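Work through the exercises below with the sequence and the model open. Each task is followed by a solution in steps.

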Amino acid sequence: MTSTALPLLTILGVIPLVGALVVMFVGERLARVLALAFSLVTLAGALYMAAIFDRGAPEQFQFAEVHSWIPQFGVSYALGADGMTLAMIVMAAILVPVCIVAAWHDTPMVGGRHHRGYFAWMLVLETMMIGVFAATDVFLFYVFFEAMLIPVYFLINNYGGANRSAAALKFLLFSLAGGLIMLVAVIAVYVFGPGGAQGFLITNLTGLALNPIAENLLFLGFFIAFAVKAPMWPVHTWLPDAATAARPATAVLLVGVLDKVGTYGMIRFCLQMFPNASQWATPVVIVLALISIIYGAVLAIGSRDMMRLIAYTSVSHFGYIVLGIFAMTSVGMTGSVLYMVNHGFSTAALFLIAGMLVARHGSKDVRDYGGWQRVTPVLAGTFLVAGMSGLALPGLGSFVSEFLVMMGTFQRYPIAAVISSVGIILAATYILLLYMRVFTGPAPGSRLVEVDGAVSYDDGDPHGHTDHAPEATASTTATDGGAHAAQSGEWPRPLVPRPRVCPSLTSTAGRSSSWHRSSCCSCCSGSTPSRFSTSSIPPSPGRSPTWASPTPPPPPGP
């Protein structure tokens, strides 16, 4: 280990914790400003550590700190960082201020306070995330591993949406169950280890000559806890509920950072301390990873809840990460670490954009959307880029990581690599379907109109609702009709009136539009100004719209 004069990792973890205490004792308006300021200071510290990190150092951990904590039980306060640790810390430090800005106006009233509690818990969570990634003592890692549950539970239970209590409790029970199994393994590994005042240090527990049965059992104790956190099939069911009930900013930290603790722990503890047991369990783990890839993608395709859909995509993505880890190749391992970072940012973008849509429209159901790219083109483009990153489009960062994972897997397990390629097709399916249903096509409530011989959709309200505002009478004009409309309770007619909609546009298929304009009714012939409207499109943009049209008139006589 390479130590420094200043305990940089401790300082980095203490900054957000101090910020949480300060935020709790200031006014509501100042709370979020201070929370953002402390998170930015933490980010600056993380970037400074990344800048001075020595990539050629022979030691495994840099910025090392080792202090005796409970010497009777071999527990030390030991922190350190290698390249993977530093990447996870920098990712967390970047996402926390982004989430604070995203939640700037998205914190509900709890106990008469909007911002203080939410942002304080978020800063406490940042401290726990830094600690769990930097811990080089197994027992200290376990402490941070379990302490993370406290702020996440309150962020979901106190500030979440519908079914937040059930989702928070389910998350807590799953995590505690996995943590208790790991606690047994943590105690057992100390018993089998060298012991002493620093008996829980990772470096002292690496390379132990363990009985094969004991090593396999210890591996399972750690792996089950990490599989729950990752999450992997079949212990993934807590994630969709938690991500759906949580605020978008909370979901970003939950899926983008906290779930990485599971895959991080597999690399740091399972592979390093139990290499033989890891090889023994590799066939089963690869099968579970493949099931996670395909199962999560299929559930995402069939999901109607936007937030739940994104959570299911993460189950599929974590299958790729685990596959690369247990391929036992340097290429696959590099791809998995890079995948963790890329997934954190791409999933954060998807959750935050989906949260903006839900906040504006008031619904998480994908069927309630449609045509939003005409109203929010920048948001639609950003979502498309984030979605393309999620499906590993060439030219984006996630493509490199997914390619390395599959190439590393193909070197040792070609059949598994071929099966995992199905997930790429499914990923393109759920991302493009989601984009099509939300941003393209007609909006629910739009109407079919004809303008200069071309048939198109008139969306009305940009939020997807039909226009219920009363319209002006024919005598109201744009110049002198405004005052009359205000007095009579009517709305003034716009300068450019809406195109008139003929109800026979869809009821006489195969006949020319010019025939309709000249012969079908008075509105098309222009003799009498009038308006017609069709029935609204069903909520699901994917369904064929049914139009309520009157019986078409008979063709003109000779």
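Helices (H or I, at least four residues) and strands (E, at least two) are DSSP runs, numbered from the N terminus. The model is predicted, so local features need pLDDT of at least 70 and side-chain atom pairs count only at pLDDT 80 or more, while totals for chains, interfaces and linings use all residues. Residues are numbered from 1 along each chain as its sequence is written, and side-chain values use heavy atoms, with hydrogens and water left out.

**Exercise 1. Place Pro 283 in the fold and state its exposure.**

Step 1. Pro 283 belongs to helix H13, which covers residues 275-302.

Step 2. Buried means under 20% relative accessible area, exposed over 50%, and partly exposed in between (1.4 Å probe, protein chains only). Pro 283 has 48% relative accessibility, so it counts as partly exposed.

Step 3. Pro 283 and Ala 416 are 133 residues apart in sequence, and their C-alpha atoms are 9.9 Å apart in space.

**Exercise 2. Give the overall make-up of the protein.**

Step 1. The protein has 22 helices and 4 strands.

Step 2. Of its 558 residues, 52% count as buried.

Step 3. Contact means heavy atoms within 4.5 Å. Take the contacts between residues at least 6 apart in sequence: 74% of them join residues at least 24 apart.

**Exercise 3. Describe the surroundings of Arg 268. Is this residue buried or exposed?**

Step 1. Arg 268 sits in helix H12, residues 260-273.

Step 2. Its relative accessible area is 3%, and therefore Arg 268 is buried.

Step 3. Leave aside neighbours within four places in sequence; Arg 268 is then in contact with Gln 60, Phe 61, Asp 82, Met 84, Thr 85 and Ile 202. Ile 202 is 66 residues away along the chain, with 8.8 Å between the two C-alpha atoms.

Step 4. A polar contact is a pair of N or O atoms within 3.5 Å; within protein, one must be able to donate a hydrogen and the other to accept it, and residues adjacent in sequence count only if both atoms are side-chain atoms. The Arg 268 side chain makes such a contact with the side chain of Asp 82 at 2.7 Å, and another with the side chain of Thr 85 at 3.1 Å.

**Exercise 4. Characterise the largest pocket. Which helix supplies the largest share of its lining?**

Step 1. On a 1 Å grid over the protein atoms alone, a pocket is an open set of points with protein on both sides within 12 Å along at least five of seven lines, whereas a cavity is a set where a 1.4 Å probe fits but cannot get out; lining residues have an atom within 4 Å of a point. Grid points are joined across faces, edges and corners, and a volume is the space filled by probe spheres set on the points.

Step 2. The largest pocket holds about 360 Å³ of space.

Step 3. Its lining has 20 residues, and those nearest the centre are Asp 106, Pro 248, Gly 355, Met 356 and Ala 359.

Step 4. At least two lining residues come from each of H3 (83-102), H10 (238-245), H11 (248-258) and H15 (330-361). H15 gives the largest share, 5 residues.

Step 5. Ala, Val, Leu, Ile, Met, Phe, Trp, Tyr, Cys and Pro count as nonpolar, Asp, Glu, Lys and Arg as charged, and the others, Gly among them, as polar. The lining divides into 13 nonpolar, 4 polar and 3 charged residues.

**Exercise 5. Inspect the backbone of three loops. Which peptide bonds between H9 and H10 are cis?**

Step 1. The bond from Ala 230 to Pro 231 is cis, with omega near -5°. The bond from Trp 233 to Pro 234 is also cis, with omega near 10°.

Step 2. Pro 231 is in the loop between helix H9 (212-229) and H10, and Pro 234 is in the loop between H9 and H10.

Step 3. Met 328, in the loop between helix H14 (306-325) and H15, has a positive phi near 60° without being a glycine. Its relative accessible area is 23%, so Met 328 is partly exposed.

Step 4. Ala 392, in the loop between helix H16 (377-390) and helix H17 (397-412), has a positive phi of about 65° although it is not a glycine. Ala 392 counts as buried because its relative accessibility is 9%.
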